[in-house]
Amino acid sequence: RILMAAEKNDTVRVFGVDYPTSDGSCVRDYIHVRDLADAHVLAARRLMDGGDSDAFNLGTGKGYTVLEVIDAAEKVVGRPIARSVSDRRPGDSPSLVASSKKARRVLGWTPALTLHDIISSAFDWRRTHPSGYGETHA
């Protein structure tokens, strides 16, 4: 949504800036899809090698506030991104950060890509695929 707003010179809505966080906006743990895919490959290998099925949290273990993500996106796109503040949404937690210690220990998985990498690759993809993937075929 942040990159779409940047592309369209639109406004990003921030839901709440009164949380007990560094800047008042919610904290979330963002993971790059490549890191997610790497974890799935390691889990599949574990199963193919006879390992037990299990559940793992996947994340970087570091959270970023919504406002920090918007600031990082501004650096990637090279221009300001308008933002407006709305009230909190009911049920939103101030901070959600995953512990991937088990995935690191059992699978040997470590996320390698940063928030900047996440935003940069998403921005590059959006520029090269302005209409998305195009037509889907069943």
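This is a short walk through one protein model, from its overall fold to its core, its largest pocket and its salt bridges.

Hi everyone, and thanks for coming. Before anything else, please keep in mind that this is a predicted model.

Let me start with the overall layout. The protein has 138 residues, and buried ones make up 30% of them. There are five helices and five strands, and if you read along the sequence you meet them in the order α-β-β-α-β-α-β-β-α-α. The C-alpha trace spans about 50 × 40 × 30 Å along its principal axes. I also looked at contacts between residues at least 6 apart in sequence: 81% of those join residues at least 24 apart.

Now to the inside. Which residues touch the most other members of the largest nonpolar core? They are Ile2, Val12, Ile70, Val77, Ile81 and Ile119, out of 17 residues in that core. Helix 1, strand 1, helix 3 and helix 5 each supply at least two of the core residues. Helix 3 gives the most, with seven residues.

Let me pick out two of these residues, beginning with Val12. Val12 sits in strand 1. Is Val12 buried or exposed? Its relative accessibility is 8%, so Val12 counts as buried, the cut-off being under 20%. Leaving aside residues up to four places away in sequence, Val12 touches Arg1, Ile2, Ala5, Ile70, Ile81, Ala82, Arg83 and Ser84. For a sense of scale, take Val12 and Leu107: they are 95 residues apart in sequence, and their C-alpha atoms are 37 Å apart in space.

The second one is Ile81. With the same neighbours in sequence left out, Ile81 touches Ile2, Ala5, Ala6, Val12, Ile70, Ala73 and Glu74. Please hold on to Glu74 in that list, as we will come back to it with the salt bridges.

While you have that region on screen, have a look at Pro80. Pro80 is in the loop between helix 3 and strand 4. Its relative accessible area is 72%, and it is exposed. Pro80 and Ala6 are 74 residues apart in sequence, yet 7.9 Å apart in space, C-alpha to C-alpha.

On to the pocket. The largest pocket has a volume of about 780 Å³. It is lined by 27 residues, and the closest to its centre are Arg1, Ile2, Val12, Arg13 and Val66. Which elements each supply at least two residues of the lining? Those are helix 1, residues 2-7; strand 1, residues 11-15; helix 3, residues 66-77; and helix 5, residues 115-128. You may recall these names from the core, where helix 1, strand 1, helix 3 and helix 5 each supply at least two residues as well. By class, the lining holds 16 nonpolar, three polar and eight charged residues.

Last topic: charges. Side chains of opposite charge can pair when their charged atoms come close. How many salt bridges does the structure hold? There are seven.

One of them joins Asp71 and Arg83, with the closest N and O atoms 3.1 Å apart. Asp71 belongs to helix 3 and Arg83 to strand 4, residues 82-86, so this pair ties together parts that are 12 residues apart in sequence. Both partners are partly exposed: Asp71 has a relative accessible area of 34%, and Arg83 has one of 32%.

Arg83 has another partner too, and here is Glu74 again. The side chains of Arg83 and Glu74 meet in a salt bridge at 2.9 Å, N to O. Glu74 is buried, with a relative accessible area of 18%. That puts Glu74 under the 20% cut-off for buried. Taken together, Asp71, Glu74 and Arg83 are linked in a network of salt bridges. Remember also that Arg83 is among the residues that Val12 touches, and that Glu74 is among those that Ile81 touches.

One more pair, this time Asp92 and Arg89. Their side chains meet in a salt bridge at 3.0 Å, N to O. Asp92 counts as partly exposed at 22% relative accessibility, and Arg89 is partly exposed with a relative accessible area of 43%.

To recap: we have a predicted model with five helices and five strands, a largest nonpolar core of 17 residues, a largest pocket of about 780 Å³ and seven salt bridges. Thanks for listening!

Methods:
Residues are numbered from 1 along each chain as its sequence is written. This is a predicted model: local features need pLDDT of at least 70, side-chain atom pairs count only at pLDDT 80 or more; totals for chains, interfaces and linings use all residues. Side-chain values use heavy atoms; hydrogens and water are left out. On a 1 Å grid over the protein atoms alone, a cavity is a set of points where a 1.4 Å probe fits but cannot get out, and a pocket is an open set with protein on both sides within 12 Å along at least five of seven lines; lining residues have an atom within 4 Å of a point. Grid points are joined across faces, edges and corners, and a volume is the space filled by probe spheres set on the points. Helices (H or I, at least four residues) and strands (E, at least two) are DSSP runs, numbered from the N terminus. Ala, Val, Leu, Ile, Met, Phe, Trp, Tyr, Cys and Pro count as nonpolar, Asp, Glu, Lys and Arg as charged, and the others, Gly among them, as polar. A salt bridge is a side-chain nitrogen of Lys or Arg within 4 Å of a carboxyl oxygen of Asp or Glu. Buried means under 20% relative accessible area, exposed over 50%, partly exposed in between (1.4 Å probe, protein chains only). A nonpolar core is a set of buried Ala, Val, Leu, Ile, Met, Phe, Trp, Tyr and Cys residues joined through side-chain atoms within 4.5 Å. Contact means heavy atoms within 4.5 Å.
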